[in-house]
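Got your viewer open? Load the model, switch to cartoon, and follow the stops below.

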Amino acid sequence: MARETLLRSKLPLVAAPMAGGPTNLDLIEAVSEAGAFPFLAGGYKTPEALSEQIEATRTLGVDFGVNLFVPERRPVDRRTFSAYAVELQPEAETYRITLDAEPVVDEDYWQQKLDRLTEYPVPVVSFTFGLPTQDDVERLRSVGTTALASVTTVEEAKAAERVGADGLVVQGPQAGGHSATHDPSRVPEMADTATVVKQIAETVPLPVVGAGGIDGPESVRRILDAGAEAAAVGTLLLCTDEAGTSATHRAALADPLFTETVRLIADEGVVGV
Ligand SMILES: Cc1cc2nc3c(=O)[nH]c(=O)nc-3n(C[C@H](O)[C@H](O)[C@H](O)COP(=O)(O)O)c2cc1C
């Protein structure tokens with residue numbers, strides 16, 4: 001029987017959205033068959049490609065979420081950009097890639113995707129790298145969609161509450177992929193995800209999904225005990241048969257040379273892990 005919670009699924013488990021290939025329809029189907037809550041990754045996709053995936057997911061007859069990247073509207077720091085480009089240059093040359101001399105502004109079809117999600121509503125939408133406006137949240141809520149904000153600190157969680165988010169995806173610093181921080185110039189303190197979940201769950205009265213470094217039943221238990229209603233996993237799914245993870249990525253994950261989570265930090269800001 002389904003639990004009465006923010007995200008309706010048999011198990012308190014969520015397949016975290018993973019843009020760039022890993023989250024595909026096969027993974028979504030396997031996750032929902034297993035009783036967990038599936039998330040589509042809307043980032044890096046055209047609105048048309050996202051709509052196609054949404055329509056295919058609807059045929060499964062389960063609840064699901066769609067994740068969107070919130071565009072960064074602060075201007076790029078040119079000095080940091082140039083320094084990072086210089087650092088990447090030797091590797092780029094190996095692959096005969098020409099690096100952009102100027103920062104490229106890309107909003108990832110933010111407005112078009114939001115408009116489509118309002119016109120053709122889905123059960124849940126989550127936001128990453130920043131917050132939607134209160135108007136965006138209200139528009140989604142008016143069509144029956146639950147809006148979740150990805151946050152990494154108590155301050156970000158409070159800001160999410162102020163724009164009216166229905167719940168939080170609390171991401172700890174051990175999470176794979178990009179940090180969901182709202183401030184790329186901040187270097188996150190290393191902390192256990194359960195600790196961050198507990199801090200936020202005790203401060204902000206919104207339901208929480210915890211994510212980051214969850215690698216088995218014991219870490220799921222810790223996240224739930226810390227106050228989360230569900231635990232989201234990303235990296236754990238990357239090497240499944242169903243995931244659309246590239247061969248290079250799979251090989252790197254299985255390579256005994258790489259044994260720990262490393263944070264890539266350009267100047268003072270986190271680039272990814
Ligand atoms: C390859 C990859 C791609 C990711 N893409 C997204 C994304 O598109 N949107 C998002 O909110 N989080 C993204 N994440 C972060 C996950 O949603 C989640 O927070 C993280 O994977 C949890 O930590 P774990 O990998 O240790 O399980 C990605 C993570 C990985 C590993």
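Start by selecting Ala211 and Ala232: Ala211 stands opposite Ala232 in β8. To get from one strand to the other, follow the chain from β7 through α8 to β8, a β-α-β crossover that is right-handed. Right-handed here means that, with the strands pointing away from you, the path from the first strand over the helix to the second runs clockwise. Helices (H or I, at least four residues) and strands (E, at least two) are DSSP runs, numbered from the N terminus.

A word on what you're looking at before moving on. This is a predicted model, with local features needing pLDDT of at least 70 and side-chain atom pairs counting only at pLDDT 80 or more, while totals for chains, interfaces and linings use all residues. Residues are numbered from 1 along each chain as its sequence is written, and side-chain values use heavy atoms, with hydrogens and water left out.

**Stop 1: around β8**

Stay with β8, residues 230-233. Its link to β7 is made by three bridges, and the two strands run parallel. Two strands count as paired if DSSP finds at least two bridges between them. Now bring in β1 (residues 13-15), which is joined to β8 by three bridges, again in parallel. Select Leu13 and you'll find Ala231 of β8 opposite.

How are the two faces of β8 covered? Ala230 and Ala232 are buried on one side, and Ala231 and Val233 are buried on the other. (Buried means under 20% relative accessible area, exposed over 50%, and partly exposed in between, with a 1.4 Å probe and protein chains only.)

**Stop 2: the helix on the way**

Colour α8, residues 217-225, and pick out Ser219 within this helix. Ser219 is buried, at a relative accessible area of 5%. Show what surrounds it: apart from neighbours within four places in sequence, Ser219 is in contact with Gly213 and Ile214. Contact means heavy atoms within 4.5 Å.

**Stop 3: the whole barrel**

Zoom out and show every strand. Eight of them form a closed barrel in the order β1-β2-β3-β4-β5-β6-β7-β8, with parallel pairing. From one strand to the next, the twist averages 25°.

Next, select β6 (residues 167-171) along with β7 (residues 208-211): four bridges hold this parallel pair together. Gln171 has Ala211 in β7 as its bridge partner, and Ala211 is where the tour began, opposite Ala232.

**Stop 4: β5 and its neighbours**

Select β5, residues 146-151. Is it enclosed or open? Six of its six residues are buried, so β5 is largely enclosed by the rest of the structure. Thr146, Leu148 and Ser150 are on one face, with Ala147, Ala149 and Val151 on the other.

On one flank, add β4 (residues 124-128), which pairs with β5 in the parallel sense over four bridges; Val125 stands opposite Ala147. Include helix α5 (residues 134-142) and you have β4, α5 and β5 as a right-handed β-α-β unit.

Then add β6, which pairs with β5 in parallel over four bridges. Here Val151 sits opposite Val170. With α6, these two strands form a right-handed β-α-β unit as well. Helix α6 (residues 154-162) lies across β5 and β6, running at about 160° to β5. That angle is taken between N-to-C directions, on a scale from 0 to 180 degrees, using lines fitted to C-alpha atoms, for helices over the stretch in contact.

**Stop 5: out in the loops**

Pick Gly144, in the loop between α5 and β5. Gly144 is exposed, with a relative accessible area of 59%. Run a distance from Gly144 to Pro184: they are 40 residues apart in sequence and 32 Å apart in space, C-alpha to C-alpha.

Val187 is in another loop, the one between β6 and α7 (193-203). This residue is partly exposed, at 42% relative accessible area. From Val187 to Pro173, 14 residues along the chain, the C-alpha separation is 9.7 Å.

**Last stop: the full chain**

Select everything: the protein chain has nine helices and ten strands. Its C-alpha atoms fill a box of roughly 55 × 40 × 40 Å along the principal axes. Buried residues make up 44% of the 273 residues.
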